[in-house]
Amino acid sequence: MAHLQEAAVKQITEICERYKDEETPLMMILSDIQKEYGYIPLEVQELVSEKTGISVAEIYGVVTFYSFFSLKPKGKNVIGCCLGTACYVKGAQQVIDKFSEILGIKPGETSEDGLFTLDALRCIGACGIAPAVQINGTVYPKMSVDQVSPLIEKYKNGGVA
Ligand code: FES
């Protein structure tokens, strides 16, 4: 979406129109765009600003605050390692470091083959099974460093063990 194509402009305009009667439409608009395209780059934020009258600064603030939104395209598999307190004290840092080491990417990055994005998350509400890792929405409990490599292999094979 580097240069917005006509079809994308049309669709984003439609999404903005969809919520024009809402008092606070921004989250709904951004959620729909994120679902449709997988990310919300700056040129899209500018278009949303133009269509809604909401400033780019405000839109950018929302997009960067919520980890659900992304400025860059995400990989096929999105690995989210919780680094909240409960997970951290149970070794979450070592787990995310292992993902980083094997995949060759830092948190927030996507592997060159587009297969994996690694994200550091705040508490995902699974403190009782810390440290928790979430991959494409599936939560893996009590993760250990030894489980990282087999889990990556599983997702390389399409998510089947
Ligand atoms: S701190 Fe990780 S799930 Fe709550």
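A helix here is a DSSP run of H or I at least four residues long, and helices are numbered from the N terminus. By that convention K35 is found in helix α2. The model is a predicted one, and K35 is a convenient place to enter it. Is K35 buried or exposed? A residue is exposed if 12 or fewer other C-beta atoms lie within 10 Å of its own, and buried if there are 20 or more. K35 counts as exposed because it has 10 C-beta neighbours inside 10 Å. K35 also has a partner in space that is remote in sequence: F68 is 33 residues away along the chain, yet the two C-alpha atoms are 9.9 Å apart.

Now for the whole chain. The protein chain has 161 residues, of which 23% count as buried. Its secondary structure amounts to 7 helices and 4 strands. Read from the N terminus, the order of elements is α-α-α-α-β-α-α-β-β-β-α. Along the principal axes, the C-alpha atoms fill a box of roughly 50 × 30 × 25 Å. Among contacts with a separation of 6 or more, 59% are between residues 24 or more positions apart. The chain is divided into two domains, domain 1 covering 6-65 and domain 2 covering 77-156. Their C-alpha centres lie 29 Å apart.

The N-terminal part can be followed through helix α1. This helix takes in residues 6-18, 13 residues in total, and reaches 18 Å from its first C-alpha to its last, close to the 18 Å expected at 1.5 Å a residue. Its buried residues are I12, I15 and C16. Why do they fall on the same side of α1? They cover an arc of only 100° around the axis, which puts them on the same side of the helix. The background is helix geometry: an α-helix has 3.6 residues a turn, so residues three or four places apart point the same way. On the other side of α1, the exposed residues are E6, A7, K10 and E14. The cover over the buried residues of α1 includes α2 (26-37) and α3 (42-52). The helix α2 named there is the one that holds K35.

Further along, strand β1 (residues 77-82) is mostly covered, with 5 of its 6 residues buried. Strand β1 is joined by 6 bridges to strand β2 (residues 116-121), and these two run parallel. Within this pair, I79 stands opposite L118. Strand β3 (residues 133-135) is also joined to β1, by 3 bridges, and runs antiparallel to it. There, Q134 is the bridge partner of G80.

The buried side chains gather into cores. The largest nonpolar core has 16 residues, and those touching the most other members are I79, C81, A92, V95, F99, A132 and V133. Two or more residues of this core come from each of β1, α6 (92-103) and β2. Helix α6 gives the largest share, 5 residues. Which residues surround C81, leaving aside its neighbours within four places in sequence? C81 is in contact with A92, V95, I96, F99, A120, L121 and V133. A second, separate core has 11 residues, including I15, C16, V44 and V48. Of these, I15 and C16 were met above as buried residues of α1.

Conventions: Residues numbered from 1 in each chain as written. Predicted model: local features only at pLDDT ≥ 70, side-chain atom pairs only at ≥ 80, totals over all residues. Expected span 1.5 Å × (residues − 1). Arc of directions from axis to C-beta. Contact = placed C-beta atoms within 7 Å. Pairing = 2+ DSSP bridges. Domains from an automatic or database assignment. Core = buried A, V, L, I, M, F, W, Y, C linked by C-beta atoms within 7 Å.
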